[in-house]
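Q: I have a model open and want to learn how to read its rings and pockets. Can you walk me through it?

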Amino acid sequence: MYDLSSVLDFDALTEVRPGSSILVSGPAMTGKEKLVYDILADGARDGDGAVVVTTSDKAASVVEEFRDRVPDLQGAQLGVVDCRGEGGADPELIEGVSVHQVSSPGDLTGIGIGITKALEGLHDSGRERGRLALVSLSTMLTYTDKKTVFKFCHVLSSRLDAAGYIGVFTIDSGAHDTQTIQVIKQAFDGLIDIRDAEGGGREARVLGLANEPTDWKKI
């Protein structure tokens, strides 16, 4: 089991089944990206492997931020799939971290190949546990339609399930209509819902990972 409660204090996150995929949904500027990076870094400090799929930040920035969070990080412990389309076509190493370049956030086949290579790299380094973060599905949805993104998430969730890894995927709930959010949700085992709280700050709830949805709680 994976314990995510040290990052987000909910009983529903104390025993997350290996292979689970979780959607992290909320409006812009509510800390979704920080949350999924914290989840990966928390596992990496205990020796888990990590894969970051980025559609906005360049790979070098991801590696630098991750090393700040996990100073003892081993290079083979992290893989990055850079989908911004601004890098070269060939794989490269940044501070010992394997980086796979993809031509565009809409190149879902290329992203899938990059993820497969990153997972193989973790497997070859002996990592039996791992966590994947994809930031963000909203960018992908500006390049392709919701049904195609749903199929991609469904296939990727099955791949993570087979590997016994967990995945956390961010989406900007304010950037899409209700139907799009409902379609994308169906590809995931659980949901971490974040919103701005009345009076300031943020609050969250967890759905799908326990018998009942949790109440909203300040975070």
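A: Sure, we'll take the aromatic rings first and then the pocket, bearing in mind that this is a predicted model.

Q: How many aromatic pairs does the structure hold?

A: Just one aromatic pair. It's formed by F169 and F188, with 4.9 Å centre to centre and 65° between the planes. Planes over 60 degrees apart count as edge-to-face, so that's the label here.

Q: Which parts of the chain does the pair link?

A: Distant ones: F169 is in strand β7 (residues 166–172), while F188 sits in the loop between α6 (178–185) and β8 (190–196). The two are 19 residues apart.

Q: Is F169 buried or exposed? And what about F188?

A: F169 has 0% relative accessibility, so it counts as buried. F188 comes in at 10%, and therefore counts as buried too.

Q: Which charged ends sit over rings?

A: Take R129: its charged end sits over the ring of Y2, 4.0 Å from the ring's centre. The charged end of K217 does likewise over the ring of F10, at 4.5 Å from the centre.

Q: Now the pocket. How do I find empty space?

A: You roll a probe the size of a water molecule over the atoms, and that shows where empty space is left. Here, the largest pocket has a volume of about 200 Å³. It's lined by 16 residues, and K32, E33, V135, S136 and T170 are the closest to its centre.

Q: What does the lining consist of?

A: Five nonpolar, eight polar and three charged residues. β7 gives the most, with three residues. α1 (32–44), α4 (137–141) and β7 each supply at least two.

Key: Residues are numbered from 1 along each chain as its sequence is written. This is a predicted model: local features need pLDDT of at least 70, side-chain atom pairs count only at pLDDT 80 or more; totals for chains, interfaces and linings use all residues. Side-chain values use heavy atoms; hydrogens and water are left out. Rings of Phe, Tyr and Trp (its six-membered ring) pair if their centres lie within 6.5 Å; planes under 30 degrees apart count as stacked, over 60 as edge-to-face and the rest as tilted. Helices (H or I, at least four residues) and strands (E, at least two) are DSSP runs, numbered from the N terminus. Buried means under 20% relative accessible area, exposed over 50%, partly exposed in between (1.4 Å probe, protein chains only). A charge sits over a ring if NZ of Lys or CZ of Arg is within 6 Å of the ring centre and within 35 degrees of the ring normal. On a 1 Å grid over the protein atoms alone, a cavity is a set of points where a 1.4 Å probe fits but cannot get out, and a pocket is an open set with protein on both sides within 12 Å along at least five of seven lines; lining residues have an atom within 4 Å of a point. Grid points are joined across faces, edges and corners, and a volume is the space filled by probe spheres set on the points. Ala, Val, Leu, Ile, Met, Phe, Trp, Tyr, Cys and Pro count as nonpolar, Asp, Glu, Lys and Arg as charged, and the others, Gly among them, as polar.
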